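Here are a few worked exercises to try with the model open beside you. Have a go at each task before reading its solution.

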Amino acid sequence: MNLGPLERAIMDVLWDAKESLLIREIQTLLNQRAEKPWAYTTIQTVAERLVRKRLLFRTAERKAFRYGATKSREEHLTELMLTALAESPDRSPVLSRFAQSVDLDDALRLLDELARRAGRAPVEQPPGWVPPPSGTD
């Protein structure tokens, strides 16, 4: 699901915040980064669109709503990558092209994760390589 510039900016603010925010709080954070200030109503309209797209949830707080991301940035990006991959009738050329195109450090991290998934020892890495954080710690 492609996001427009303001949708992406709102998602970035909420992913960075790690907690749900009121529209005024989102507006303040957005406008710190913006060349031209965003109007409260514009942000609210786009946030509601993101709720309909199921990227945000909202909870009532007095006469306002708090908005938060339904998924982490990593979960969202993984879903986008898997959706793009699913569009190909033959995944092999896509995966091959991806493997050839990613940065060497990213390729090594991916190899390490695939080795873990397969229950094998991680591949030997070059000096100075930093392994990705493990979700099993």
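**Exercise 1: the core.** Which residues of the largest nonpolar core touch the most other members?

Solution. First, some ground rules: this is a predicted model, where local features need pLDDT of at least 70, side-chain atom pairs count only at pLDDT 80 or more, and totals for chains, interfaces and linings use all residues. Residues are numbered from 1 along each chain as its sequence is written, and side-chain values use heavy atoms, with hydrogens and water left out.

Step one is the term itself: a nonpolar core is a set of buried Ala, Val, Leu, Ile, Met, Phe, Trp, Tyr and Cys residues joined through side-chain atoms within 4.5 Å. Buried means under 20% relative accessible area, exposed over 50%, and partly exposed in between (1.4 Å probe, protein chains only).

Step two, pick out the hubs: in the 17-residue core, Ile10, Leu14, Ile26, Leu30, Leu50, Leu56 and Tyr67 touch the most other members. Step three, see who supplies the residues: H1 (5-17), H2 (23-33) and H3 (40-52) give at least two each. H1 has the largest share, with six residues. Helices (H or I, at least four residues) and strands (E, at least two) are DSSP runs, numbered from the N terminus.

**Exercise 2: one hub up close.** List what Leu56 contacts, skipping neighbours within four places in sequence.

Solution. Contact means heavy atoms within 4.5 Å. On one stretch of sequence you'll find Ile10, Met11 and Leu14 among the partners of Leu56. Then add Ala47, Leu50 and Val51, and finish with Tyr67, Gly68, Ala69 and Thr70.

**Exercise 3: two helix pairs.** Work out how H1 sits against H3, and how H4 sits against H5.

Solution. Two packed helices are described by the angle between their axes and the distance between the axes. Axes are lines fitted to C-alpha atoms, for helices over the stretch in contact, and angles run from 0 to 180 degrees between N-to-C directions. Angles under 35 degrees count as roughly parallel, over 145 as roughly antiparallel, 65 to 115 as roughly perpendicular and the rest as oblique.

Start with H1 and H3: their axes come within 10 Å and cross at roughly 80°, so the two are roughly perpendicular. At this interface Leu6, Glu7, Ile10 and Met11 of H1 meet Thr42, Ile43, Val46, Ala47, Arg49 and Leu50 of H3.

Next, H4 (residues 73-86) and H5 (residues 91-101) pack at about 135°, with axes 9 Å apart. That makes H4 oblique to H5. Here Met81, Leu85 and Ala86 from H4 meet Arg91, Val94, Leu95 and Phe98 from H5.

**Exercise 4: odd backbones.** Where do Arg54 and Arg62 lie, and are they buried or exposed?

Solution. Most residues other than glycine have a negative phi, and most peptide bonds are trans. Arg54 has a positive phi, near 65°. Arg54 is in the loop between H3 and strand E2 (56-61), and is exposed at 67% relative accessible area.

Now Arg62: phi is positive again, near 55°. Arg62 falls in the loop between E2 and strand E3 (64-69), and is exposed too, at 81%.

**Exercise 5: a charge over a ring.** What lies over the face of Phe65?

Solution. The test is NZ of Lys or CZ of Arg within 6 Å of the ring centre and within 35 degrees of the ring normal. Arg58 fits, lying over the face of Phe65 at 4.0 Å from the ring centre.
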